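Biologist: I'd like a close look at one part of this model rather than a quick tour. Could you set the scene, then go through that part piece by piece and finish with any backbone oddities worth checking by eye?

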Amino acid sequence: MSWKLIPRPLVDRSSLDLSAIQPDRFRDLDVDAVARVRLGLGNEPIELGECFDIEGAGGDDFVEIAGSVKTSIYLGIGMKSGILRVSGDCGRLTGVEAEGGTIDVAGSVGFGAGSAMRGGLLRVQGDAGSGLGGAYPGSSIGMRDGTILVAGSAGDDVGLAMRRGLIAIGGSAGAGTGRSMIAGSIFVAGTVAKGTGAGMKRGTIVLMDENTLIDEAVSPTFAATGRFRPHFLAIYLRRLDELGFAVDPRLFGCECERYNGDLIERGIGEILVCNPYSVT
Amino acid sequence: MSLLKIQGGRVIDPAEGVDEVRDVWIANGVIVAAPGDPAIRPSRTIDARGFVVMPGGVDMHCHLAGPKVNAGRMLVPELNRRGRPIERTELFPSGSLGPVPTAAVAGARYAGLGYTTAIDAAVAPMGAISARMELADVPCIDKGFLVLLGNHHYVMDAIRRGEKERLRAAVAYILESTRGLGIKIVDPGGVERWKQGKGAVTSLDDQVEGFDVTPRAILQALAEVADELALPHPVHVHSNHLGVPGNRLTTLETFKTLDGRRAHFTHVQFHSYGGKPDNPGSIRSGVAELADYVNAHEGITVDVGQIVFGETLSMTADGPAAHYLKKITGRKWLSHDVELETGCGVSPIRYDDKSLVHAVQWAIGLEWFLGVSDPWKIALSTDHPNGGSFLSYPQIIALLMDRGLRRDFLRRLPERVRSRSTLGDMTREYTLEEIAIVTRAAPARILGLGNKGRLSPGADGDAAIYAPDSDRERMFTLPKYVIARGEIVIENGEFRAAPAGRLIRVEPAYDRDAATEFRRTFAESSTIAASRFQPQPDPTHEEITAPCQKNI
């Protein structure tokens with residue numbers, strides 16, 4: 001059995017701190033204990049039972065929020081294991097510093113989802129706000145490990161200062177994708193805006209949309225270094241496919257144009273632009 | 001009338017030389033003698049039998065409020081978020097901890113350690129309005145602040161022109177209009193010189209361009225003003241070259257410059273380094289000579305600025321020092337030019353027990369505590385948050401009281417600390433009475449706050465009651481009772497009340513006509529309307545006045 005939490009209208013009133021909803025800790029609780037879990041609404045503490053109708057029972061590490069919690073903050077923060085499913089949208093800083101487990105959002109997520117994440121999987125069927133997988137505001141290191149899959153589009157600063165891990169975006173991404181990236185991999189199926197990879201030290205950004213205007217998206221401090229067929233790309237794409245991320249089948253084994261940079265930083269990062277017509 | 005009796009505790013009140021079992025009576029927030037008439041019954045009795053009763057703690061140097069504290073909060077949101085958020089309770093609003101706790105959390109946590117007074121050590125005159133508004137939100141404790149004058153344009157101009165009258169009047173006017181408690185001198189002349197792009201001062205005799213004064217002249221003139229105005233607290237000096245190896249020579253020279261005058265030297269740990277200025281790794285202790293000087297001279301007092309290992313935030317009016325730190329750590333940094341008055345620098349720092357430099361700094365702080373023979377000359381501080389949070393005071397107390405603990409701590413540090421510091425050879429252990437001196441009685445006396453730091457009749461009804469414990473850190477972390485102005489703030493370790501706390505300030509007598517020129521200059525040169533800079537009571541606070549008479 002698992003827990004099903006149905007949001008009451010109250011939850012949209014003010015910023016709702018959901019950091020206490022942790023699947024692994026909910027496993028052994030009874031319904032009264034779940035109802036008494038302390039959340040925060042605005043600047044006041046509030047009990048979970050006041051914000052959600054509770055159904056189900058414990059027993060496994062699975063919690064479903066059956067609805068939208070658009071004003072939520074810190075849902076799944078520091079999560080270690082289990083599955084957290086949201087059937088609607090959720091708010092800011094979802095999955096911050098998560099170390100393991102899965103957060104599955106059927107709707108969209110707001111600002112800073114997966115920032116400073118250390119492990120686990122964050123899957124979003126809708127769109128993501130800015131700062132996806134980036135650094136917690138003020139800190140200098142973004143996502144350290146784990147996987148983030150977004151079926152829709154993402155805002156600005158995807159993977160800001162990310163250190164390790166994988167981010168894949170099914171739609172387009174905003175400005176500054178992979179900005180100040182330290183390492184890791186970012187895949188974008190749609191278009192990207194300006195400042196892609198600006199200040200990146202290492203890491204790989206793969207742009208899969210043939211219509212990408214590279215001169216607009218990438219700064220002149222990246223050097224075109226020719227075309228090649230990276231073998232690792234097929235492995236990565238197969239892995240994304242397995243995770244349920246829609247991949248254009250023409251891209252397996254395709255040729256890529258490689259840009260090397262950012263040369264004002266260490267300059268050993270790369271931006272790969274896929275050519276879907278190149279498969280032989 | 002509320003009459004509180006603290007019954008049968010071991011009262012440690014060094015200001016009166018008391019260490020004995022006795023009762024303490026507090027009537028309407030003030031300590032009174034035991035009523036002679038046995039018919040008079042207290043309205044409340046605290047059974048303190050078996051407990052230790054001390055005056056409320058006094059932190060004479062911390063950074064609690066004002067523009068730079070807020071700049072610090074904005075610079076490191078990622079540090080402030082660490083740890084559990086503090087939830088709203090019936091008594092306190094919600095907040096956060098981190099290196100710079102929010103206002104209400106700071107007040108509550110100070111009281112939670114048995115402290116009832118804290119003084120913010122550096123507020124630019126222009127930042128005073130904002131600092132006061134923020135201090136009004138710090139509950140439980142009485143507070144005050146020192147006003148930065150060591151790089152003030154008008155002050156330096158008046159010194160160059162030799163206009164003592166006008167200088168004295170301007171300083172008094174600034175103290176009165178800001179509602180400050182005393183004069184703070186930070187890196188005299190050095191901040192202004194650095195702001196001009198000329199680098200740090202090289203000695204106390206460097207000229208500050210445009211003002212033709214030297215750091216030495218600034219120190220002497222302001223110390224003289226503090227004496228002439230009979231301010232309760234002498235000049236509070238943060239000398240030049242903070243944090244730079246080899247700065248012990250500058251510090252000694254600064255001591256000598258103010259010889260014969262009253263002066264308080266702050267966070268001396270940061271000013272007692274041997275080694276070569278261009279090589280941070282060459283740092284070694286230079287405490288011995290400086291502590292000897294303090295021991296041998298009357299009128300000089302110090303607070304330590306002990307560092308504590310962990311992540312914290314450095315914030316100072318010493319722009320060049322913050323820049324120096326930023327160059328070493330490579331971390332983010334904020335610098336602010338406070339027009340006409342001073343500078344400001346903020347940068348995060350992590351004191352790491354694997355780092356030789358930090359380990360030596362840690363040892364130097366403790367060397368100061370153990371090297372100054374008269375505890376009345378030294379006050380406990382971490383320069384919160386620069387050296388570490390005030391929340392680590394119990395840890396420092398435990399280290400002072402137990403040389404075994406120090407030895408164990410030293411073992412965790414890099415081996416080479418032992419050749420750079422004499423801490424390992426120091427066997428002194430503080431007694432409870434000496435702890436009461438360095439955390440309460442001495443800072444109150446140095447600040448000239450006659451009603452603080454003592455438990456004799458007439459003093460403010462501030463007391464902390466601790467349960468004796470061989471684990472001194474636990475003992476001082478969790479007081480059994482804390483009483484502020486006669487009100488029980490903490491009872492059995494739980495908060496019962498959050499009284500507002502008052503602003504302590506001075507009201508020096510001066511020639512108002514002589515301040516006219518300062519007011520005119522301010523109106524002409526400042527971007528802030530002169531009307532914002534008028535002596536008027538601050539409605540956000542209950543104010544109390546520390547009387548102007550030399551206490552040291």
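Modeller: Let's take chain B, and start with how its contacts are spread along the sequence. If you count contacts in chain B between residues at least 6 apart in sequence, 77% of them join residues at least 24 apart. Keep in mind that this is a predicted model. As for secondary structure, chain B has 18 helices and 24 strands. Its radius of gyration comes out at 22 Å, close to the 24 Å that the globule rule gives for 552 residues, so chain B is as compact as a globular protein of that length. Along the principal axes, the C-alpha trace spans about 70 × 60 × 45 Å. Burial fits into the picture here too: 59% of the 552 residues of chain B count as buried.

Now for the close-up, which is a small sheet in chain B. This is an open sheet of three strands, in the order 15-17-16, and the pairing is antiparallel. Strand 15 (310-316) and strand 16 (334-338) of chain B are the edge strands, each pairing on one side only. From one strand to the next, the twist averages 15°. Have a look at the pairing between strand 16 and strand 17 (residues 342-351) of chain B: the two run antiparallel and are joined by five bridges. If you want a landmark there, find S335(B), which stands opposite G345(B) in strand 17 of chain B.

Two helices go with this sheet. One is helix 11 (residues 319-329) of chain B, which lies across strand 15, strand 16 and strand 17 of chain B and runs at about 30° to strand 17. The other comes from a separate stretch of the sequence: helix 1 (residues 67-75) of chain B also lies across strand 15, strand 16 and strand 17, running at about 40° to strand 17 of chain B.

Stepping back along the sequence from the sheet, you reach a helix pair. Helix 9 (residues 248-257) and helix 10 (residues 287-296) of chain B pack at an angle of about 10°, with their axes 10 Å apart. Angles under 35 degrees count as roughly parallel, and that makes helix 9 of chain B roughly parallel to helix 10 of chain B. On the helix 9 side, the contact is made by R248(B), T251(B), L252(B) and F255(B), while helix 10 of chain B brings E289(B), L290(B) and Y293(B). Sorted by class, this contact of helix 9 with helix 10 of chain B has four nonpolar, one polar and two charged residues.

Further along chain B, there's a leucine worth a stop. L432(B) is found in helix 16 (residues 432-447) of chain B. Is L432(B) buried or exposed? Neither, quite: with 19 other C-beta atoms within 10 Å, L432(B) is partly exposed, because a residue needs 20 or more to count as buried. Beyond its neighbours within four places in sequence, L432(B) is in contact with I12(B) and V52(B). L432(B) and R472(B) are 40 residues apart in sequence, yet 9.8 Å apart in space, C-alpha to C-alpha.

On to the backbone oddities in chain B. The peptide bond from H384(B) to P385(B) is cis, with omega near 0°. You'll find P385(B) in the loop between strand 18 (378-379) and helix 13 (393-401) of chain B. Then check R485(B), which has a positive phi of about 45° although it is not a glycine. R485(B) lies in the loop between strand 20 (481-484) and strand 21 (487-491) of chain B. Even in that loop, R485(B) counts as buried, with 20 C-beta neighbours inside 10 Å.

While you have the viewer open, chain A has oddities of its own. A cis peptide bond joins G261(A) and D262(A), with omega about -5°. D262(A) sits in the loop between strand 17 (255-261) and strand 18 (269-275) of chain A. There is also A161(A), which is not a glycine but has a positive phi of about 55°. A161(A) is in the loop between strand 12 (147-150) and strand 13 (166-169) of chain A, and A161(A) counts as buried, with 25 C-beta neighbours inside 10 Å.

Definitions and conventions. Residues numbered from 1 in each chain as written. Chains lettered and ligands numbered in written order. Predicted model: local features only at pLDDT ≥ 70, side-chain atom pairs only at ≥ 80, totals over all residues. Axes fitted to C-alpha atoms, helices over the stretch in contact; angles between N-to-C directions. Helix = DSSP H or I, 4+ residues; strand = E, 2+ residues; numbered from the N terminus. Parallel < 35°, antiparallel > 145°, perpendicular 65-115°, else oblique. Contact = placed C-beta atoms within 7 Å. Nonpolar A, V, L, I, M, F, W, Y, C, P; charged D, E, K, R; others polar. Pairing = 2+ DSSP bridges. Rg over C-alpha atoms; globule rule 2.2 N^0.38 Å. Buried ≥ 20, exposed ≤ 12 C-beta atoms within 10 Å, placed from the backbone.
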